[in-house]
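Subject: Model for you to look at

Hello,

Here is the structure I promised to pass on. Please open it alongside this note. My findings follow below.

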Amino acid sequence: MPDKVPFLQFRDFVPGVHQQIEEAVVQVLRSGHFILGEEVAHFEKEFGEYLSDGVKVIGVGNGFDALVTALKAAGVGEGAEVIVPSNSYMATVNAVLQVGAKPILAEPDADSYNLTAAGAEKIITARTKAILPVHLYGQTCIMEPLLDLSRKHGIKLIEDAAQAHGALYKGKLAGTFGDAAAFSFYPTKNLGALGDGGAIATSDSGLSEFAEKYRNYGQQQKYVGELVGVNSRLDEIQATALRVKLQYLEQYNAERRRLAKVYLKELKAVGDIILPKSAPNCTHVYHIFCIRTRSRDSLQKWLLEKGIGTGIHYPVPVHLQPAYRFLGYKEGSFPVAEELAKTSLSLPLFPGLKEQEQEQVIRALKEFFQRS
Ligand SMILES: *Cc1c(COP(=O)(O)O)cnc(C)c1O
């Protein structure tokens, strides 16, 4: 019996990084400074420089708070409508509801699985305050038409870049297109912390100033409450780990792309598998390697029996989740999103996945389709 292949495991890819992180964490412990200190300031500066000249990064507690803060900073609240893809993770829709706005769901593109300008345009109304594209699975949306659309209608563009650290559109990084962007550093993300973490990125100084205060009870200066804020601060331990990992982000993403290339070559014309497509001008960073097949459930079971872990991103689209029934959508409202939920399967792909493990996955997939 071959070894199990995990869907995801944290491995010391680029050997020695784990030790660097341990040492950095020990430094913070010894420093005795744990919240909004030098490590956070350095990380914000370094991640900002990585993204682009003039982009400011504000660390917050998690990706959800980054979305909420970005929406609030952009003035999106009560009475506003925000266009969101119907096939994203629940966090995106939740953030819109959290600021008191109404999520208006859009059908994704059937090839890229992303929100498109054409899809968004159909549902713009006089109340639309923002478009919230999600760069799903590590591939950016086609940003130019979305930017044109937001300018034409005078509405904000907020990017959910939680799955797209390092992804490019026309050579420009995800998170640098809109009025503001939200990143998550949840451990499994392409740039992941040792716990929760998130950040807002924006080149608008009004928005960054708002975010800086909002995350810390409205204070810029201690005990001066300039606005009604919350507590959503990035802590020093997360920031120090992120600083180490940021240096290797490009290497991690290159490895993800290399592994994806192997799957793309080996799984071509296997059964009815639909492989992920790279959209024009997009550099995919494969946060998720999502294949599609009509036999999804039986394939997942087959792989599990062979010791291979997989994931489903996501099994139930937002509009069919019990919590969001009040939005008024029903089965059939978004046929593409519903089809994706029924057929998508995410394969193991992470920095440190071994050649022999990937071969095991490929072999098992081929066997499944030869047999059926
Ligand atoms: C992970 C994720 C979030 C939320 O991030 P958290 O840090 O878990 O709060 C938001 N949007 C998308 C698309 C995500 O994948």
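I began with polar contacts. Across the interface of domain 1 and domain 2, 22 residue pairs are in polar contact, with both residues at pLDDT 80 or more. Bear in mind that this is a predicted model.

Which elements does domain 1 bring to the side that touches domain 2, counting those that give two or more residues? They are helix 4 (90-98), strand 3 (102-106), strand 6 (168-169) and helix 8 (236-246). By class, that side of domain 1 has 21 nonpolar, 12 polar and 5 charged residues.

Charge pairing next. The count between the two domains is 1 salt bridge. Aspartate 111 forms a salt bridge with lysine 277. Their closest N and O atoms are 3.4 Å apart.

Now the bounds. The domain assignment puts domain 1 at 17-246 and domain 2 at 249-371. Taken over C-alpha atoms, the centres of the two domains are 25 Å apart.

How many residues are in contact on each side? In domain 1 there are 38, and they meet 35 residues of domain 2.

Last, the buried area. Between domain 1 and domain 2 it comes to about 3300 Å². Carbon and sulfur atoms give 60% of that. On the domain 1 side, look at Tyr113, Tyr137 and Asn190. Together they supply 22% of the area that domain 1 buries against domain 2, more than any other three residues.

Best wishes

How values were computed: Residues numbered from 1 in each chain as written. Predicted model: local features only at pLDDT ≥ 70, side-chain atom pairs only at ≥ 80, totals over all residues. Heavy atoms only, no water. Domains from an automatic or database assignment. Contact = heavy atoms within 4.5 Å. Buried area = accessible area lost by both parts, 1.4 Å probe. Salt bridge = Lys/Arg side-chain N within 4 Å of Asp/Glu carboxyl O. Polar contact = N/O pair within 3.5 Å; in protein donor to acceptor, adjacent residues only side chain to side chain. Helix = DSSP H or I, 4+ residues; strand = E, 2+ residues; numbered from the N terminus. Nonpolar A, V, L, I, M, F, W, Y, C, P; charged D, E, K, R; others polar.
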